[in-house]
Amino acid sequence: MTSSFPPVSSSRATTAPAVVANHLIKHFGDLEVLKGVSLEVPEGSVTSIIGASGSGKSTLLRCMNLLERPDQGELGIADEAIRFTRNPQGDITGLDRRQLQRLRAKVAMVFQQFNLWPHLTVLGNVIEAPMRVKGLSRKRATALGEHYLARVGMADRRDAYPAFLSGGQQQRVAIARALTMEPRLLLFDEPTSALDPERVNEVLGVIRGLADEGRTMLLVTHEMHFAREVSDQLVYLDQGRIAAEGTPEEVFDDPRCRQFMAPAA
Ligand code: ADP
Ligand code: MG
């Protein structure tokens, strides 16, 4: 591993956790995908999750966003706290619809495959969730959406449909869509993995800018140099368990994940 990037300053983060996951367990049928995962993301800091394919990274992120419902454990985001339990009938309890709505308004996610709605314009994509989930007026959502489209350099394409954009442009729109929710936590699931190599840097540049602004972010990535550069904290997930965590330097030096890192060095 080369060390061409300067160490990350820890001054950006405060100590208050914006996000706490406590002993999250998630099964798909008989397969236990998360085996008791606990992590804290301090307000204003960046945590990156690394690990092999199938180790449960996406499932963890989807649980943080409640796209998947954990079977057990606790989740705290800003001032919302949820405890998941299985009742004797095996149903999963611990969430009502209003709480789900409140929580969804606090967490926004950027997906590997962009997931833009093909039938909506760029601006339409960006204002949909703020209107539906947060109840903003079209006028207010449009003002916010235009602001964040400008932030990612996509203001001039506001009336274009996704099919007419490059992958990098689509992902920048997806980031603007997440930002327009003004979330407390931003989740990124391999945001550059589906991009042509020449498009990766324009998206990493946007994410780097958000990190520098002090946004609270949880990022799954295979871009090891980038993870090292922007992260305050690194988590190495191995078969549904956290096998190593700490500063990027600590985790990259940990023998348990050296082997995993080696191909990227
Ligand atoms: P990663 O993002 O680290 O590659 P995932 O969280 O996507 O890992 O997947 C972890 C494991 O859970 C894999 O074995 C995957 O096949 C399984 N899995 C993920 N989602 C589902 C699902 N909806 N139904 C059944 N199995 C799933
Ligand atoms: Mg994944």
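Reader: How many of the eight residues of helix H1 are buried?

Author: First, keep in mind that this is a predicted model. The general idea is to look at relative accessible area, where anything under 20% counts as buried. In helix H1, which covers residues 57-64, six of the eight residues are buried, so the helix is largely enclosed by the rest of the structure.

Reader: Which residues of H1 are buried?

Author: They are Lys57, Thr59, Leu60, Leu61, Cys63 and Met64. Have a look just past the end of H1 too: Leu66 takes a positive phi of about 60° there.

Reader: Okay, let's try a strand. Is Ser48 buried or exposed?

Author: Ser48 lies in strand E3, residues 46-50. Its relative accessible area is 0%, so Ser48 is buried.

Reader: Which residues does Ser48 touch?

Author: To read this, look for heavy atoms within 4.5 Å. Leaving out residues up to four places away in sequence, Ser48 touches Leu219, Ala227, Ser231, Gln233, Leu234 and Val235.

Reader: Now helix pairs. At what angle do H3 and H4 pack?

Author: The trick is to picture a line through each helix and compare their directions. Helix H3 (residues 122-132) and H4 pack at an angle of about 125°, and their axes are 9 Å apart. That angle makes H3 oblique to H4. The crossing of these two helices is right-handed.

Reader: Which residues make that contact?

Author: H3 brings Val122, Leu123, Val126, Ile127, Pro130 and Met131, while H4 brings Arg138, Ala141, Thr142, Gly145, Glu146 and Leu149. Sorted by class, the contact of H3 with H4 has eight nonpolar, two polar and two charged residues.

Reader: And how do the axes of H4 and H5 cross?

Author: Read this pair the same way you read the last one. The axes of helix H4 (residues 138-151) and helix H5 (residues 167-180) come within 9 Å and cross at roughly 135°. Angles over 145 degrees would count as roughly antiparallel, but here H4 is oblique to H5. H4 passes H5 in a right-handed crossing.

Reader: What residues make the contact there?

Author: On the H4 side you'll find Ala141, Leu144, Gly145, Tyr148, Leu149 and Arg151, and on the H5 side Val173, Ala176, Leu179 and Thr180. By class, this contact of H4 with H5 has seven nonpolar, two polar and one charged residues. If you compare the lists, Ala141, Gly145 and Leu149 of H4 turn up in the contact with H3 and in the contact with H5.

Reader: What about His147, how accessible is that one?

Author: His147 is found in helix H4. At 49% relative accessibility, His147 counts as partly exposed, because the exposed class begins over 50%. You can also check its distance to Leu179: the two residues are 32 residues apart along the chain, and their C-alpha atoms are separated by 9.6 Å.

Reader: Last thing: where is Glu182, and what is its phi?

Author: For phi, check the sign and then ask whether the residue is a glycine. Glu182 is not a glycine, yet it has a positive phi of about 45°. Glu182 is found in the loop between H5 and strand E8 (185-189). At 37% relative accessibility, Glu182 counts as partly exposed.

Reader: And Glu190, is that residue buried or exposed?

Author: Glu190 is buried, with a relative accessible area of 13%. Glu190 also has a positive phi of about 45° without being a glycine. To find Glu190, look in the loop between E8 and helix H6 (197-212).

Key. Residues are numbered from 1 along each chain as its sequence is written. Chains are lettered from A and ligands numbered from 1 in the order in which they are written. This is a predicted model: local features need pLDDT of at least 70, side-chain atom pairs count only at pLDDT 80 or more; totals for chains, interfaces and linings use all residues. Side-chain values use heavy atoms; hydrogens and water are left out. Axes are lines fitted to C-alpha atoms, for helices over the stretch in contact, and angles run from 0 to 180 degrees between N-to-C directions. Helices (H or I, at least four residues) and strands (E, at least two) are DSSP runs, numbered from the N terminus. Angles under 35 degrees count as roughly parallel, over 145 as roughly antiparallel, 65 to 115 as roughly perpendicular and the rest as oblique. A crossing is left-handed if the near helix is turned anticlockwise from the far one by less than a right angle, and right-handed if clockwise. Ala, Val, Leu, Ile, Met, Phe, Trp, Tyr, Cys and Pro count as nonpolar, Asp, Glu, Lys and Arg as charged, and the others, Gly among them, as polar. Buried means under 20% relative accessible area, exposed over 50%, partly exposed in between (1.4 Å probe, protein chains only).
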